[in-house]
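Work through the exercises below with the sequence and the model beside you. Try each task before you read its solution.

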Amino acid sequence: MSDTKPELLPDLVRRLVAEAWTFRRQVELDAELRFVRLTERLAGLGAPEPLVDLARRAAEDERRHAGMCERLAREYGQEALPPVPVAVEEVAPPALPLREQVLYEVVAACCITETESTAVLTTLLVPDGPPRVRAVLRDILRDEVAHSRLGWAWLSHEHERGAVGFLSRHVPAMLEGTAAPNLFAPGRPEEESPALLKHGVLPHARKRETFVRALRDVVFPGLERFGVDTAPARTWVERRSAAGA
């Protein structure tokens with residue numbers, strides 16, 4: 001019997017899948033607001049028009065992603081959904097000058113979060129997943145790759161203007177904001193179910209492995225290429241991994 005239909009999943013697993021797609025909906029809605037704000041701020045800083053356009057399209061992408069996530073969440077049994085947010089919190093330290101605040105947020109949102117998302121979505125595209133789930137994952141993945149490129153392009157642009165090394169001390173805080181709660185803690189048995197993978201959710205241990213691998217293979221080398229010392233961030237990963245919490 002196929003286990004690709006929601007109604008054939010064990011209740012605990014189906015609930016986890018529904019909650020995951022519900023959470024993604026909120027992440028996408030928050031990201032839409034973040035990219036709207038970044039579009040305005042990048043334009044105000046005189047960013048190249050192609051990058052401003054990319055941020056504007058990213059906001060539109062995230063709204064569309066949220067709709068797809070909502071449909072899948074309901075398909076897996078989610079009834080009540082959180083309200084649509086009307087504002088998104090500032091993530092950069094307010095003491096930083098505006099230009100550095102914008103760079104902080106772009107690096108956190110694009111170079112780290114969107115790059116991590118790309119790694120997760122790539123891992124989730126298993127060949128035996130339901131076609132409807134695979135279609136959503138492919139659609140979101142295509143856009144997240146572009147959103148990640150926005151971050152690296154703006155970091156390159158700012159690196160050409162001057163040193164961006166100040167980011168080094170802030171990357172651990174960015175990682176704290178990106179990592180899922182309890183990512184480094186042991187998962188519950190249902191969170192390790194292999195059935196999750198087909199339905200667009202990484203088992204807990206696989207999620208942690210994908211997160212750390214993307215940092216070490218893509219994010220940290222990318223930051224170092226622009227002169228950002230990643231030693232504090234690497235220490236953060238080692239400490240969290242050792243603590244298991």
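**Exercise 1: The chain as a whole**

The chain has 8 helices and 0 strands, where helices (H or I, at least four residues) and strands (E, at least two) are DSSP runs numbered from the N terminus. This is a predicted model, in which local features need pLDDT of at least 70 and side-chain atom pairs count only at pLDDT 80 or more, while totals for chains, interfaces and linings use all residues. Residues are numbered from 1 along each chain as its sequence is written, and side-chain values use heavy atoms, with hydrogens and water left out.

Task: Describe the pattern of the chain along the sequence and state how its radius of gyration relates to the globule rule.

Solution. Begin with the order of elements, which reads α-α-α-α-α-α-α-α along the sequence. Next, take the radius of gyration, which is 18 Å and close to the 18 Å that the globule rule gives for 245 residues, so the chain is as compact as a globular protein of that length. Here the radius is taken over C-alpha atoms, and the rule is 2.2 Å times the number of residues to the power 0.38. Finally, buried residues make up 51% of the 245 residues, where buried means under 20% relative accessible area, exposed over 50%, and partly exposed in between (1.4 Å probe, protein chains only).

**Exercise 2: Two residues of helix H1**

Task: Find what Ala18 touches and what Thr22 is in contact with, leaving aside residues up to four places away in sequence.

Solution. First place the residues: Ala18 lies in helix H1, and Thr22 lies in helix H1, which spans residues 11-44. Then look at their accessibility: Ala18 is buried, with a relative accessible area of 3%, and Thr22 is buried, with a value of 7%. Now list the contacts (heavy atoms within 4.5 Å). Ala18 touches Ala73, Tyr76 and Gln78, while Thr22 is in contact with Ala73, Gln78, Leu81 and Pro82. As a last step, follow the chain from Ala18 to Asp30, 12 residues apart, and note that their C-alpha atoms are separated by 19 Å.

**Exercise 3: The buried side of helix H5**

Task: Which residues of helix H5 are buried, and which helices do they pack against?

Solution. Start with helix H5 (residues 171-178), in which Val171, Pro172, Met174 and Leu175 are buried. These residues cover an arc of only 155° around the axis, which puts them on the same side of H5; the arc is that of the directions from the helix axis to the C-beta atoms. To see the background, recall that an α-helix has 3.6 residues a turn, so residues three or four places apart point the same way. The buried residues of H5 pack against helix H3 (98-124), helix H7 (204-225) and helix H8 (231-243).

**Exercise 4: From a loop to helix H6**

Task: Is Asn182 buried or exposed, and how far apart are the C-alpha atoms of Lys198 and Pro130?

Solution. Asn182 is found in the loop between H5 and helix H6 (195-198), and Asn182 is exposed, with a relative accessible area of 55%. Its phi is positive, at about 60°, although Asn182 is not a glycine. For comparison, most residues other than glycine have a negative phi. Turning to helix H6, Lys198 is found there and counts as partly exposed at 21% relative accessibility. The C-alpha atoms of Lys198 and Pro130 are separated by 6.9 Å, although these residues are 68 residues apart along the chain.
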